[in-house]
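Work through the exercises below with the structure open. Try each task before reading its solution.

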Amino acid sequence: MPARLRRIQVVASAYGITIDPPTGGGSHWVAKKAGHRTYPIPAHRGANSAIGDSYIRGFCRNFGIDPEEFRSKL
């Protein structure tokens, strides 16, 4: 089930992850945490964008978060 980027930002911050808006007019927001690779999130409608399950699973995999635990907090 998709989730709004705004809600993902709130939950991600509890894990020490920041999600920054695109620079230079792009549409991909960037999730960052020290010691991990950055993870791009396509959000064409900004913080109101619905982010699909495949990106949420990839986000969790990238940052070593249990997807079920993350989902339960959304």
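**Exercise 1. Helix α2**

List the buried residues of helix α2, then inspect the residue that follows the helix.

Solution. The model is a predicted one. Start with the span: helix α2 covers residues 53-63. Buried means under 20% relative accessible area. Within α2, the residues that pass are I56, G58, F59, C60, N62 and F63. Now step past the end of the helix. G64 follows α2, and its phi is positive, near 70 degrees.

**Exercise 2. The β3 and β4 pair**

Determine how strands β3 and β4 run relative to each other, and describe what connects them.

Solution. Strand β3 spans residues 28-32 and strand β4 spans residues 39-42. They run antiparallel and are joined by four bridges. Take one position: W29 has I41 in β4 as its bridge partner. Next, look at the connection. The two strands form a hairpin, with six residues between them. In the turn, G35 has a positive phi of about 85 degrees.

**Exercise 3. Salt bridges**

Find the salt bridges and say which elements each one involves.

Solution. Side chains of opposite charge can pair when their charged atoms come close. The cut-off here is 4 Å, from a side-chain nitrogen of Lys or Arg to a carboxyl oxygen of Asp or Glu. The count comes to three.

- K32 and D20 meet at 3.6 Å, N to O. K32 lies in strand β3 and D20 in strand β2 (residues 18-20), so this pair ties together parts 12 residues apart in sequence.
- R71 and D53 meet at 2.3 Å, N to O. This pair links distant parts of the chain, 18 residues apart: R71 is in helix α3 (residues 67-73), D53 in helix α2.
- K73 and E69 meet at 3.6 Å, N to O. Both lie in helix α3, four residues apart, about one turn of the helix.

Finish with accessibility. K32 is partly exposed at 38%, and D20 is partly exposed at 28%. R71 has a relative accessible area of 26%, which is partly exposed; D53 is partly exposed at 28%. K73 is partly exposed at 37%, as is E69 at 35%.

**Exercise 4. The setting of A50**

Place A50 in its strand, classify its exposure and find its contacts.

Solution. A50 sits in strand β5, residues 50-51. Its relative accessibility is 49%. Exposed requires over 50%, so A50 counts as partly exposed. Leaving out residues up to four places away in sequence, A50 touches P2, A3 and R4. One distance remains. The C-alpha atoms of A50 and I8 are separated by 9.8 Å, with the two residues 42 apart along the chain.

Terms used
Residues are numbered from 1 along each chain as its sequence is written. This is a predicted model: local features need pLDDT of at least 70, side-chain atom pairs count only at pLDDT 80 or more; totals for chains, interfaces and linings use all residues. Side-chain values use heavy atoms; hydrogens and water are left out. Buried means under 20% relative accessible area, exposed over 50%, partly exposed in between (1.4 Å probe, protein chains only). Contact means heavy atoms within 4.5 Å. Two strands pair if DSSP finds at least two bridges between them.
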